Amino acid sequence: MRAITVQDRDAGVAGFTPAELPYPHAAENDVIVRVHAAGFTPGELSWPATWTDRAGRDRTPSVPGHELSGVVTELGYGTTGLSIGQRVFGMADWARDGSLAEYTAVEARNLAPLPADIDHTVAAALPISGLTAWQGLFDHGRVSTGQTVLIHGAGGGVGSIAVQLAREVGARVIGTGRAADRERMLELGADTFLDVQSERLEDVGEVDVVFDMIGGDVHARSAALVRAGGTLVTIAMPPQVRPADGRAVFFVVEPDRVRLADLAERVRSGRLKPIIGTVVPLAEARAAFTSGVRTPGKTIIRVTED
């Protein structure tokens with residue numbers, strides 16, 4: 001089967017290499033998915049699980065990509081809840097070969113059924129971004145109606161979904177990012193948008209929850225904005241500073257079949273609109289991520305035509 005592999009940790013995305021790999025093996029409770037569309041996060045090339053298995057052994061060349069949408073072609077022993085020929089979407093395991101391949105083995109519990117009226121390209125933009133947004137806001141941030149939420153990196157895959165979810169529950173949403181993201185974020189439901197390159201972060205005042213996808217100086221300055229009893233939630237880095245009278249939480253997204261199904265239903269009803277940027281075939285994956293051109297929305301890899 002066709003795939004993209006990585007073997008040189010220092011090469012980054014430039015180390016993407018087209019390869020022909022054997023068809024994957026379905027272990028117990030696995031399914032084999034014929035991948036139609038895949039998502040890739042450049043940051044995953046710095047994650048230890050990209051390069052070693054759970055026992056710490058080198059597993060290169062490895063297949064990157066952890067978001068996928070496709071069709072089940074095979075069931076492993078003991079697998080329940082899914083069937084051959086079923087459309088699915090979800091997350092590939094961190095420490096196994098991922099979604100930039102024509103076929104991949106995935107634990108069935110990491111996948112949800114995909115309704116027939118959602119395109120694979122849209123579905124592939126949902127798993128990590130959608131689950132991260134939900135878990136950050138509600139599982140860790142405990143956002144509720146009437147609260148004020150500051151979302152750093154609102155124009156990105158996670159941030160743009162977080163804006164929509166927070167707005168839907170009746171929170172006041174302040175988004176930050178680049179000036180070019182302003183109009184789109186306001187259209188998605190942000191009450192206010194702050195250009196972090198030209199406007200003062202401190203001018204937003206106190207907030208109940210900060211959801212940080214950026215890290216660095218923005219992360220450090222945000223702790224002081226959290227009002228008493230509030231929460232700083234980050235996926236960018238373990239907290240270096242903490243609110244004076246609040247919580248600071250760093251987390252890594254976890255698979256959740258039930259929540260994936262909920263996100264899909266929100267897409268179907270028009271309540272959630274993932275921002276899709278460039279869509280490229282598998283053979284052009286490296287060029288898409290090394291071009292240096294910033295495009296709005298999430299880049300999706302079209303692996304197999306519908």
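This is a short tutorial dialogue on reading strands, helices and single residues in a predicted model.

Student: Let me begin with sheets. What holds the strands of a sheet together?

Tutor: Strands pair through backbone hydrogen bonds, and the pairing is either parallel or antiparallel. In this predicted model, six strands form an open sheet, in the order β10-β9-β8-β11-β12-β13, with parallel pairing.

Student: Which strands are at the edges of that sheet?

Tutor: Look for strands that pair on one side only: here they are β10 (192-195) and β13 (247-250). From one strand to the next, the twist averages 15°.

Student: Could we look at one pair up close? How many bridges join β8 to β9?

Tutor: Five bridges join them, and the two strands run parallel; β9 covers residues 172-177. To find your place on the display, start at Ile 151, whose bridge partner in β9 is Gly 175.

Student: Which helix packs on this sheet?

Tutor: Helix α2 does, and it touches β8, β11 (207-212), β12 (226-234) and β13. Its direction makes about 150° with that of β11.

Student: Is α2 mostly covered or mostly exposed?

Tutor: Mostly covered: twelve of its 14 residues are buried. The buried residues include Ile 128, Leu 131, Trp 134, Leu 137 and Phe 138. Polar residues are found in that group too, among them Ser 129, Thr 132 and Gln 135. Just after α2, have a look at Arg 142, which takes a positive phi of about 55°.

Student: Now for two helices together. At what angle do α2 and α6 cross?

Tutor: When you read a helix pair, take the distance and the angle of the axes together. The axes of α2 (residues 127-140) and α6 (residues 257-269) come within 10 Å and cross at roughly 100°. The two helices are therefore roughly perpendicular to each other, because angles of 65 to 115 degrees are put in that class.

Student: Which residues make the contact?

Tutor: On the α2 side they are Pro 127, Gly 130, Leu 131 and Trp 134. On the α6 side you will find Arg 259, Leu 260, Asp 262, Leu 263 and Arg 266. By class, the residues of this contact divide into five nonpolar, one polar and three charged.

Student: Let me try a single residue of the parallel sheet. Is Thr 148 buried or exposed?

Tutor: Thr 148 is found in strand β8 (residues 148-152). Its relative accessibility is 10%, so Thr 148 counts as buried, because the cut-off for buried is under 20%. Leaving aside neighbours within four places in sequence, Thr 148 is in contact with Arg 172, Ile 174, Val 207, Asp 208 and Val 209.

Student: And for a residue in a loop, where does Thr 79 lie?

Tutor: Thr 79 lies in the loop between β4 (67-75) and β5 (87-91). A loop residue can be covered as well: Thr 79 is buried, with a relative accessible area of 13%. Not counting residues up to four places away in sequence, Thr 79 touches Asn 29, Asp 30, Val 31 and Ala 108. Ala 108 is 29 residues from Thr 79 in sequence, yet their C-alpha atoms are 6.8 Å apart. The side chain of Thr 79 also reaches the backbone oxygen of Gly 76 at 3.0 Å.

Student: What about Ser 291: where is that residue?

Tutor: Ser 291 lies in the loop between α7 (285-290) and β15. At 43% relative accessibility, Ser 291 counts as partly exposed.

Student: That brings us to β15. With which strands does β15 pair, and in what sense?

Tutor: This strand shows both kinds of pairing. With β3 (residues 30-39), β15 pairs in the antiparallel sense over three bridges, whereas with β14 (residues 276-281) the pairing is parallel, over four bridges. Gly 39 stands opposite Ile 300 in β15, and Pro 281 has Arg 302 as its bridge partner there.

Student: How many residues of β15 are buried?

Tutor: Five of its five residues are buried. Both faces are covered, with Lys 298, Ile 300 and Arg 302 on one side and Thr 299 and Ile 301 on the other.

Student: And from β3, where can I go next?

Tutor: Follow the bridges. Eight of them join β3 to β4, which run antiparallel, and Gly 39 stands opposite Glu 67 in β4. Then β4 and β5 pair in the antiparallel sense over five bridges, with Glu 67 opposite Met 91 in β5.

Definitions and conventions:
Residues are numbered from 1 along each chain as its sequence is written. This is a predicted model: local features need pLDDT of at least 70, side-chain atom pairs count only at pLDDT 80 or more; totals for chains, interfaces and linings use all residues. Side-chain values use heavy atoms; hydrogens and water are left out. Axes are lines fitted to C-alpha atoms, for helices over the stretch in contact, and angles run from 0 to 180 degrees between N-to-C directions. Angles under 35 degrees count as roughly parallel, over 145 as roughly antiparallel, 65 to 115 as roughly perpendicular and the rest as oblique. Contact means heavy atoms within 4.5 Å. Buried means under 20% relative accessible area, exposed over 50%, partly exposed in between (1.4 Å probe, protein chains only). Two strands pair if DSSP finds at least two bridges between them. A polar contact is a pair of N or O atoms within 3.5 Å; within protein, one must be able to donate a hydrogen and the other to accept it, and residues adjacent in sequence count only if both atoms are side-chain atoms.
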